[in-house]
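The points below are offered as a colleague's reading of the model, to be followed with the coordinates open. They take up enclosed space, an open pocket, a helix and a few individual residues.

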Amino acid sequence: MFRTLGILIKKEFLQIFRNKAILAVIFVMPVIQLVILPLAASYEIKNIKIAVVDHDKSTFSRELIRKITASGYFEIINYGESYMQAFQEIETDKVDLILEIPNNFEKNLVRENNEKVLLAINAINGTKAGLSASYLAQILQNYNRQIQVELAPETENITKTSGLEIVPQFWFNENYNYRLSLVPGILAFLITLISGYLTALNIVQEKENGTIEQINVSPVTKTDFIMGKLIPFWLLAMLAFTIGLLVTILVYGIQMQGSFLLLYGFVAVYLIAILGLGLLVSVYSETQQQAMFVVFFFMMIFVLMSGLFTPVESMTDWAKYIAYANPVTYGVDAIRLIILKNSSFKDLLPHFGFITGLAIVVISWAVLRYRKTN
């Protein structure tokens with residue numbers, strides 16, 4: 001049995017190393033994507049284009065505008081006195097929001113200690129609109145506090161000593177660096193993508209080339225055939241993960257907090273499950289194009305509902321059921337927990353349990369589904 005399996009593994013490696021494109025996909029593509037994607041996928045939004053309609057043109061209004069531009073988030077595209085002109089800029093997508101400062105802005109603040117400004121936001125991009133409003137509201141709140149202190153200096157000490165003072169403490173990510181959570185998640189996504197695609201195309205390629213008929217008439221068992229397809233890609237995927245982990249540590253400076261043994265143990269089981277899913281798709285597919293579309297369909301669902309970009313807890317109830325049945329959810333979460341939080345094996349028991357069960361089911365399913373016919 002092991003001699004036959006060894007020959008099949010050797011044959012698979014020879015096929016892989018003959019195809020230089022596959023080697024590039026396994027080793028070069030993950031490095032390039034891991035370097036580029038975290039730099040492009042940012043949780044911060046900057047260069048927000050703003051139109052300022054200043055009817056007051058006072059010292060207070062100019063100071064407010066200066067604070068907005070000094071924040072680094074906003075870029076003033078239009079400054080004038082016409083709201084309709086600014087609104088046309090929104091309609092033509094030249095600006096993202098309008099800040100209108102009314103007449104007597106400074107006078108009302110000084111005399112009545114109260115004034116309102118108008119904020120109109122282009123909400124086609126809901127995420128950008130929400131963050132823009134949050135950034136500007138924070139700037140306005142700080143400016144309002146500064147004005148109150150300037151007008152009534154005696155209130156400064158009262159403001160400091162009264163009310164609730166919120167001092168957040170960020171555990172496992174002290175500087176609130178979004179790349180600390182994004183890079184390990186993207187690493188999990190990349191090894192999932194590569195492993196799933198390559199194994200999904202493997203058996204189908206044998207069918208299209210006609211070499212599957214030679215295997216079908218040989219004494220090779222179904223189990224040996226499936227394992228001979230799985231093990232080479234499992235070894236290469238583990239090597240690709242190691243390269244990605246080195247990029248994570250050396251390029252982004254993310255320090256490994258947990259156990260390397262636990263990390264590689266989980267990734268080893270996780271890759272078996274993902275490779276098994278790819279082989280299952282390959283067994284059912286008749287052409288490479290069909291296999292690619294099936295994998296693409298599932299990968300889109302896996303990635304978007306894995307918690308990589310949107311927390312699972314914020315999803316609706318029906319979406320949570322899909323997320324908790326998604327292997328990538330457990331992969332992304334476990335790799336983050338080990339690298340960033342130093343989680344133990346006991347903490348990851350649900351992850352290991354689900355992934356191990358999935359691996360057993362999909363590989364058994366692939367072996368039973370594959371039929372040797374003359």
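1. Largest cavity. Helix 10 makes the largest contribution to the lining of the largest cavity, with 4 residues, in what should be kept in mind throughout as a predicted model. Helix 10 spans residues 222-250, and together with helix 8 it makes up the elements that give two or more residues to this lining. The lining consists of Ile26, Ile194, Ser195, Leu198, Phe233, Leu236, Ala237, Ala240 and Leu275, and the volume enclosed is about 60 Å³. By class these residues divide into 8 nonpolar and 1 polar, with no charged residue among them.

2. Second largest cavity. How many cavities of 30 Å³ or more does a search of the whole structure find? The search finds 2, and the second largest cavity has a volume of about 40 Å³. Its lining is formed by Pro30, Leu34, Leu187, Leu190, Ile191, Ala240, Phe241 and Gly244, with at least two residues supplied by each of helix 2 (20-40), helix 8 and helix 10. The class division here is 7 nonpolar, 1 polar and no charged. Ala240 deserves a look on the display, since this residue is listed in the lining of the largest cavity and also in that of the second largest cavity. As a general remark, rolling a probe the size of a water molecule over the atoms shows where empty space is left.

3. Second largest pocket. Turning to open space, the second largest pocket has a volume of about 340 Å³ and is lined by 20 residues, of which Leu277, Leu280, Val281, Phe298 and Phe302 lie nearest its centre. The elements that give two or more residues to this lining are helix 11 (260-284), helix 12 (288-304) and helix 15 (349-369), and helix 11 gives the most, with 6 residues. The lining is made up of 17 nonpolar and 3 polar residues, and no charged residue takes part in it.

4. Geometry and faces of helix 12. The 17 residues of helix 12 should span 24 Å at 1.5 Å a residue, and the end C-alpha atoms are indeed 24 Å apart, so the expected and modelled spans agree. The buried residues of this helix are Ala291, Val295, Met299, Phe302 and Val303. Because these buried residues fall within an arc of 80 degrees when seen down the axis of helix 12, they line one face of the helix. On the other side, Gln289, Phe293 and Leu304 are exposed. Phe302 thus appears both among the buried residues of helix 12 and among the residues nearest the centre of the second largest pocket.

5. Cover over helix 12, and Thr192. What covers the buried residues of helix 12? The cover includes helix 8 (179-209), helix 11 and helix 14 (327-341). Thr192, in helix 8, is buried, with a relative accessible area of 2%. Not counting residues up to four places away in sequence, Thr192 touches Tyr270, Ile274, Met299 and Val328; of these, Met299 is one of the buried residues of helix 12.

6. Positive phi at Lys57 and Asn342. Most residues other than glycine have a negative phi, and two residues may be checked against that background. Lys57 has a positive phi of about 50 degrees although it is not a glycine; Lys57 lies in the loop between strand 1 (48-54) and helix 3 (59-70) and is partly exposed, with a relative accessible area of 37%. For Asn342 phi is near 60 degrees, again a positive value in a residue other than glycine. Asn342 sits in the loop between helix 14 and helix 15, where it counts as partly exposed at 47% relative accessibility.

7. Surroundings of Tyr73. Tyr73 is found in the loop between helix 3 and strand 2 (74-80) and counts as partly exposed at 22% relative accessibility, the cut-off for a buried residue being under 20%. Leaving aside its neighbours within four places in sequence, Tyr73 is in contact with Glu44, Ile45, Lys46, Asn47, Ile48 and Tyr135. Tyr73 and Ser132 are 59 residues apart in sequence, while their C-alpha atoms are 8.5 Å apart in space.

How values were computed:
Residues numbered from 1 in each chain as written. Predicted model: local features only at pLDDT ≥ 70, side-chain atom pairs only at ≥ 80, totals over all residues. Heavy atoms only, no water. 1 Å grid on protein atoms, 1.4 Å probe; cavity = no way out; pocket = protein on both sides within 12 Å on 5 of 7 lines; lining within 4 Å. Points joined across faces, edges and corners; volume = space filled by probe spheres on them. Nonpolar A, V, L, I, M, F, W, Y, C, P; charged D, E, K, R; others polar. Expected span 1.5 Å × (residues − 1). Buried < 20%, exposed > 50% of the residue type's maximum accessible area, 1.4 Å probe, protein only. Arc of directions from axis to C-beta. Contact = heavy atoms within 4.5 Å.
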